[in-house]
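Biologist: Let us go through this model together. I will ask for the reasoning behind each label.

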There are 2 protein chains.
Amino acid sequence: MATSKVGSIGEYIREQRQRAKVSLRQLADATGVSNPYLSQIERGLRKPSAEILQQIAKGLRISAEALYVQAGILDERESDTDVQAAIRADVGLSERQKQVLLDIYESFRNETGSAAAPDAEAVIRTTPPTEGTST
Amino acid sequence: MATSKVGSIGEYIREQRQRAKVSLRQLADATGVSNPYLSQIERGLRKPSAEILQQIAKGLRISAEALYVQAGILDERESDTDVQAAIRADVGLSERQKQVLLDIYESFRNETGSAAAPDAEAVIRTTPPTEGTST
DNA sequence: TCGCCCTGCTTGCTATTGCAAGCACGCTTG
DNA sequence: CAAGCGTGCTTGCAATAGCAAGCAGGGCGA
C-alpha cells in the first residue's frame, strides 16, 4: 500500500461512511456485515475480502470498483483509452487475444505516432505467427 | 467467451491453464501460489481471494478483471463499445498502426476462440516455464 | 528392472477472516 | 437518580484460506 492512489481501505470506508452520515450499526444493517467487523476494518485491524467490500460498497451506495482500487486489488481504469476499453469489453475475443491486442496497442502508443510507422510494421512482422503459420 | 456465466472460477482457471499448456506446477512457480492450492481451486474445493486471483491472472497472462468477473466480484463492463470504431478514432495511432491493429483484431475474431490456441501458445512461450519444477 | 522426473492430488497445520456476545461511554427522558 | 438507547470497540471462537510435506501414478532412459 504505497502509491498515492491506493491507500488505507479502512480510512476510505470510514470517510465514505461519515460522508453518508451513517453509523457503524446502520451500515452493518445495510450491508449485512457485522458492526464489530466493520469497526475493525475501518481501523485497519482486519483485511476484508472482495465480497465484503462488495457488500460495503452496496451499503454505502458507492461503486465496488472504487473500493477494490483502494484495496489494491483492481487497477484504476480512468487512464484507459477507448481502444483499451473496447478491447477489454469485446466478448468475441479470448482473454489471451485481448492481452495480445492490448500489448500491441500500448507499444504503438509508446512509439508516439506517425514517424514510428516503419518500426511499427517491423514489430508486426515479428508477431504474426497468427497468420497462417502453424507448428 | 460466455458473457453471463459467472461461476466456477476453478473451471475457468483450469481452462485457461490448459489453453496455455501449462502444468499446475509451472503455474505455481509462475504465480507464487502453491501447487496443491491451485489444484484445490480448480476443483472448486477452495475459494481464492482476490489477491490470489490477481497472482493467477498474472501467471496466466490474462487480466485479473476477467477472473474477478468469473468469480462474481466484479461486473462485466458494458460490451457495446466497438473495437474497430475505437481504433479508427484513436488520434494517438498512425493510420498504419490502426490498420495493423484492425487486421489483427479481425483475424482474431475470425478465429473465434478455439483457433486462438496456437497464438496463445506462442504468447505463453514467450514466458518460459522454469526448469526443474518442484513444489 | 530401478531411478528419475513429471503430473495432480491428499492431508494436517497455521494464520486469518468474520461473527456473536458483550463492554464502555455518552446522551436523553421520566 | 435510573433506565433506555445510541455509539464504537473488545474478546473469544468457528470456519476457511493457503501452505508444506508427502503420496500415487505415468513416462522415460540406463
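**Contacts with DNA strand D**

Modeller: Start with the backbone, in a predicted model. A backbone N or O atom of B:K47 sits 3.4 Å from a phosphate oxygen of DNA strand D.

Biologist: Why is the pair between B:K47 and the phosphate oxygen called a polar contact?

Modeller: The cut-off is 3.5 Å between N or O atoms. The B:K47 pair is at 3.4 Å, so it counts as a polar contact.

Biologist: What makes A:N35 a partner of a base nitrogen of DNA strand D?

Modeller: An N or O atom in the A:N35 side chain lies 2.5 Å from that base nitrogen. That is within 3.5 Å, so the pair is a polar contact. A:S23 places a polar side-chain atom 3.3 Å from a phosphate oxygen of the strand.

Biologist: Which element gives the most to the surface near DNA strand D?

Modeller: α3(A), with four residues. Also giving two or more are α1 (9–19) and α2 (24–31) of chain A, and α3 (35–42) of chain B.

Biologist: How is that surface divided by residue type?

Modeller: Seven residues are nonpolar, nine polar and seven charged. On the DNA side, sugar and phosphate make up 56% of the strand D atoms that come within 4 Å of the protein.

Biologist: Where in chain A is confidence highest, and where lowest?

Modeller: Highest in α3(A), at a mean pLDDT of 96. Lowest in helix α8 (residues 117–126) of chain A, at 38. Over residues 113–135 of chain A the pLDDT is below 50.

Biologist: Why be careful where pLDDT is low?

Modeller: Predicted coordinates should not be read in detail there.

Conventions: Residues are numbered from 1 along each chain as its sequence is written. Chains are lettered from A and ligands numbered from 1 in the order in which they are written. This is a predicted model: local features need pLDDT of at least 70, side-chain atom pairs count only at pLDDT 80 or more; totals for chains, interfaces and linings use all residues. Side-chain values use heavy atoms; hydrogens and water are left out. A residue is near a molecule or strand if one of its heavy atoms lies within 4 Å of it. A polar contact is a pair of N or O atoms within 3.5 Å; within protein, one must be able to donate a hydrogen and the other to accept it, and residues adjacent in sequence count only if both atoms are side-chain atoms. Ala, Val, Leu, Ile, Met, Phe, Trp, Tyr, Cys and Pro count as nonpolar, Asp, Glu, Lys and Arg as charged, and the others, Gly among them, as polar. pLDDT is the predictor's confidence in each residue, from 0 to 100. Contact means heavy atoms within 4.5 Å.
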